[in-house]
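Trainee: I would like to learn how to read a structure like this one, step by step. Could you show me the model and then take me through its features?

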Amino acid sequence: MLELWNDLLWPLLWQVILILALTVGVLLYVAYAVYADRKIWAAVQLRRGPNVVGPFGLFQLFADFGKNLIKEVIVPAGVNKGIFFIAPMLTFVLAVVGWAVIPVADGMVVADLNVGILYIFAISSMGVYGIIMAGWASNSKYPFLGGMRAAAQMVSYEVSIGLVIVTVLMCVGSLNLTEIVYAQAEGVWFFIPLFPMFVVYFISLLAETNRPPFDLPESESELVAGYQVEYSSTPYLLFMIGEYINIVLLCSLCTVLFFGGWLPPLDIAPLNWIPGLVWFVLKTSFFFFLVSMVKAMVPRYRYDQLMRLGWKVFLPLSLLWVAITGGVLIAFDLLPDPVAVSAATGAGL
Amino acid sequence: MMVATTAFYVFAAITIAAAFMVIAARNPVHSVLYLILAFFNAAALFVLIGAEFLAMILVIVYVGAVAVLFMFVVMMLDINFTELREGVLQYLPIGALVGVILVVEVLLVVGGIAVGPLSPDVAAAPAPMSSDVENTRALGQLLYTQYIYFFQIAGLILLVAMIGAIVLTLRQREGVRKQSIAAQNARTREDAVELVDIKPGSGI
Amino acid sequence: MMTTMPDLSPLYAELFLAGAALVLLMLGVFRGEQSARSISGFAVIALIATAGLVLAGGGETVTTFGGSFISDQFAVYMKVVSLLGAAMILVISGPYMQAEKMDRFEYPVLILLATLGMCLMISANDLIALYMGLELQSLALYVIAAFKRNSQRSTEAGLKYFVLGALSSGMYLYGASMLYGFTGSVGFEGIAQSAAAAEVSGGVVIGLVFVAAALAFKISAVPFHMWTPDVYEGAPTPVTAFFAAAPKAAGVALVVRVMIDAFGTMGPQWQQIMIVVSILSMALGAFAAIGQTNIKRLMAYSSIGHMGYALVGLAAGTVEGITGVLVYMAIYVVMNGGVWVCILSMRRAEGMVENIDDLAGLAKNNPTMAFALAVLMFSLAGIPPMAGFFGKFYVFMAAVDAGLITLAVIGLVTSVVGAFYYIRIVKVIYMDEPAAAFDAPASGGMRVVLLGSTAFTILFVVAPSSLVEVAGKAAASLF
């Protein structure tokens, strides 16, 4: 009995505890991310933003949450019911499971996969299904258009994100997110040598998560709310939370790839007393702040401009940068530990 | 071990069921969604045998890109798939025959290897991977060294496919108003604004 | 890294060709449509330069990339034939492309890439390399078959070719996987070893049959010829000319290499297949062509027949037989070039005409071309002393020497039947009521090709041994 507990149940239970802790943490963070988003947006427009519920409006999000929960779930006539309800769940679940491999601090990661970055890439590439399914199942024009736009947009920008990730991987020599951070502990944070790629990544992040200025799938002036038009109550809530979790996920990925994850900016006395988790949250919050500032300040792109940017600017640029990075790594003999690798396999012609 | 076995049967069962539903579903969009489910579970099976790189690539390429485009086409084209499916019974015997032949031949191969005389090469062929190399690394090391020739030709084949797609579909249409970003950026105040001194009562 | 660079020297020519294709592609993309003519010219130069590089590479047998790529006399010979065939077609397709408003820079680039595919498959020394070369070639061919995209027939041709081509690729892969499963190797040497070792298992034979069927499809030998007439008729004429020349040569080279190198010890098994295929091809080529009125369709059946004759030499399975095949393919490609020049100049004010009757009166309107076409038709029919006769002579001799007397006799009979429709064209040219003249035909390049082809056909009789010697050396390098 004890053996069973030790070998099977306890590890399982421990995993569940870890997952719960992470999910609750992320959800709590996202709740205040939404609040911050609205506050920042309001501040830029010289408004007050939410300020009624609780001190400084701090409980506004919980009020909204409750309101959405107890509202009636409206199922429009003619929708494809199964898919209509699976879509928001899919969006939410995919957004949450992506967090499994993010190392929020040294060793604090639910699943330390050795293909972690590919895992995130795979999960985020599936995120498009939630939207496209919602658009189709709603059986209505605006959601359909929104779904189509979202699908084309996300597929386009995934290409450049993929290439950006490749440049980082070449500098690290591993697909494991923890090792990506370690690699930056030894050298400089990657946003310095790979600055153009950081810019490409950040802009692609906005497009990938359908944030302004690339929020064409839900642009309220033409499509009302795009794929979410027919959703109300909890399904709508799942979409909204899922979307924000995705944004925060990509912000934290940005932290890991380019800004040294949980590392302090300088490894000196007062800075490295602060726990890694705090640094991680601070950095992620900084990127989230940038995302909401962009929302507040930049006007929406036209669809052809969006496609042009993705395919004609970012794709060649990131391809070129992959070539340059590879060239520099080989020319200056900076490749990450090749000897150990080839000694281990004995591969060769 | 028990967990892995259970997981295998679950994933395998879902894969097969989903694959069956791909051809059985009435609605083409449902078919594509089942296809995605099948891909996803196949990826899970890859994870179970320790090929995590293949699993992720399967999801990224097939689920994340190919199936999205499939879905796109199926949603946009208003094809009546029930009509297309009317001939199914007619072709069923032929399809079944082909299937049976393929199964027999596969059995022949497997059986042949199991019982027939093996050449010494066959026994040596499947080289086990040394366990201290992750399979992403192992794949990379083979693909870019020993198999670089095939890798490069595959690149050329994809280039041809790309040229072909463009040649056969891109057409220059007349009368399309295109945005020329360079021209817009090159515009100066002198080009765009003209100050006209109009005398009262005379018009331009 | 600890790895060593593979030896690239055997494939300098291919690297050059690939590089040229990429450079011309970039040039075309940046310069736009008006650059099509100059790119076509550069492509011809690139093809000829590649042929020069292949020749300069010399003919000693070397393999590289772990035995996937082989360069030997045979490869050099067939590559030169394919490259020059492709260059020839590119030269003569210019005027047609301009007249039909199809002169886009992608056409020469795709031809270059297809030719690169041919070179790679001629040099393939294992099943994977073969497949990749084959796909590179086929994919480019599918696209150029549908190149005239406003024409329904061209699109249909491309689609039909693609679907059936994909089917044959599937068959090939299935056969290849069987071979790998039973011999434990994808390399031709490995397959040959295990085929020689013990008694051959049924799986290897099944794999062999599948591979042979797929390759027969690529050279359009009966019973895998169904696509040929429709694709030849539907595709734009220069593309049809290309199909009839270079890929045929490369395809035959492929069949020869696979059968001799990989299955050399299994002669009895595949010789039966080749005998049946070649008899069927010769018969169908001879009889089905009789009723044709469209000259492109006629040429399609003619090419099926010629593949049958070429396979006679392979069926013999001896050095002489392979020599015959090599000589045959070289002559075939050259003759074809000339014939297609004539077909491409069948243009009147209203556009291209493709009926055999439209040739009537060519003798009055353009005696030079009429003479050239007549010579080429006699040669295709295999009437001495034209070059085509020698091609047939060597393969039939090899077949007789190998004891395949029945096969040789059937070949002779079908040649006689085939001669009927070739000579009918000569009759139409010289004896029928003249039809309207064609528009001023033939650019300089077309004239050169026609002249060269006719001269080769007539003068081959003077010194046949020079080509035969080279071919003999090439064939010997396989054994």
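Mentor: Let us begin with a term that we shall need later on: a helix here is a DSSP run of H or I with at least four residues, and helices are numbered from the N terminus. Please keep in mind throughout that this is a predicted model.

Trainee: With that term in hand, how many helices and how many strands are there in chain B?

Mentor: Chain B has 10 helices and 0 strands, so that its elements, followed from the N terminus, read α-α-α-α-α-α-α-α-α-α.

Trainee: What share of the residues of chain B counts as buried?

Mentor: A residue is called buried when its relative accessible area is under 20%. By that rule 26% of the 204 residues of chain B are buried, while the accessible surface of the chain comes to about 14200 Å², with 69% of it belonging to carbon and sulfur atoms. As for contacts in chain B between residues at least 6 apart in sequence, 57% of them join residues at least 24 apart.

Trainee: How should I read the place where chain B and chain C are in contact, and how many residues take part?

Mentor: One can take the residues, then the area, and then the kinds of pairing. In this model 31 residues of chain B are in contact with 41 residues of chain C, and the area buried between the two chains is about 3000 Å², of which 77% comes from carbon and sulfur atoms. Between chain B and chain C the count of salt bridges is 0, whereas 3 residue pairs are found in polar contact across the interface.

Trainee: Which elements of chain B give two or more residues to the side that touches chain C?

Mentor: They are α5 (88–115), α6 (120–124), α7 (135–146) and α8 (148–169) of chain B, and the largest share, 16 residues, comes from α8(B).

Trainee: What is the general idea of a salt bridge, and how many are there over all chains?

Mentor: Side chains of opposite charge can pair when their charged atoms come close. A search of the whole structure finds 16 salt bridges over all chains. One of them joins the side chains of C:Lys79 and C:Glu14, at 2.6 Å from N to O. This pair links distant parts of the chain, since C:Lys79 lies in helix α3 (residues 73–99) of chain C and C:Glu14 in helix α1 (residues 12–31) of chain C, 65 residues apart.

Trainee: Are C:Lys79 and C:Glu14 buried or exposed?

Mentor: C:Lys79 counts as buried because its relative accessible area is 3%, and C:Glu14 is likewise buried because its value is 4%.

Trainee: How far apart in sequence are C:Arg257 and C:Asp261?

Mentor: Here the helix from our opening returns: the two residues are 4 apart in helix α11 (residues 246–262) of chain C, and therefore they are separated by about one helical turn. Their side chains meet in a salt bridge of 3.5 Å, N to O, and both C:Arg257 and C:Asp261 are buried. Elsewhere, salt bridges that share partners join C:Arg153, C:Glu156, C:Lys160, C:Asp230, C:Glu233, C:Lys296, C:Arg297 and C:Glu354 into one network.

Trainee: Finally, how many disulfides does a search of the whole structure find?

Mentor: A disulfide is a covalent bond between the sulfur atoms of two cysteines. In this structure the search finds 0 of them over all chains. Two cysteines can still be read for burial: C:Cys119 counts as buried because its relative accessibility is 1%, and C:Cys342 is buried with a relative accessible area of 1%.

Definitions and conventions. Residues numbered from 1 in each chain as written. Chains lettered and ligands numbered in written order. Predicted model: local features only at pLDDT ≥ 70, side-chain atom pairs only at ≥ 80, totals over all residues. Heavy atoms only, no water. Buried < 20%, exposed > 50% of the residue type's maximum accessible area, 1.4 Å probe, protein only. Contact = heavy atoms within 4.5 Å. Areas by Shrake-Rupley, 256 points an atom, 1.4 Å probe, with all protein chains shown as cover. Disulfide = S-S within 2.5 Å. Buried area = accessible area lost by both parts, 1.4 Å probe. Salt bridge = Lys/Arg side-chain N within 4 Å of Asp/Glu carboxyl O. Polar contact = N/O pair within 3.5 Å; in protein donor to acceptor, adjacent residues only side chain to side chain.
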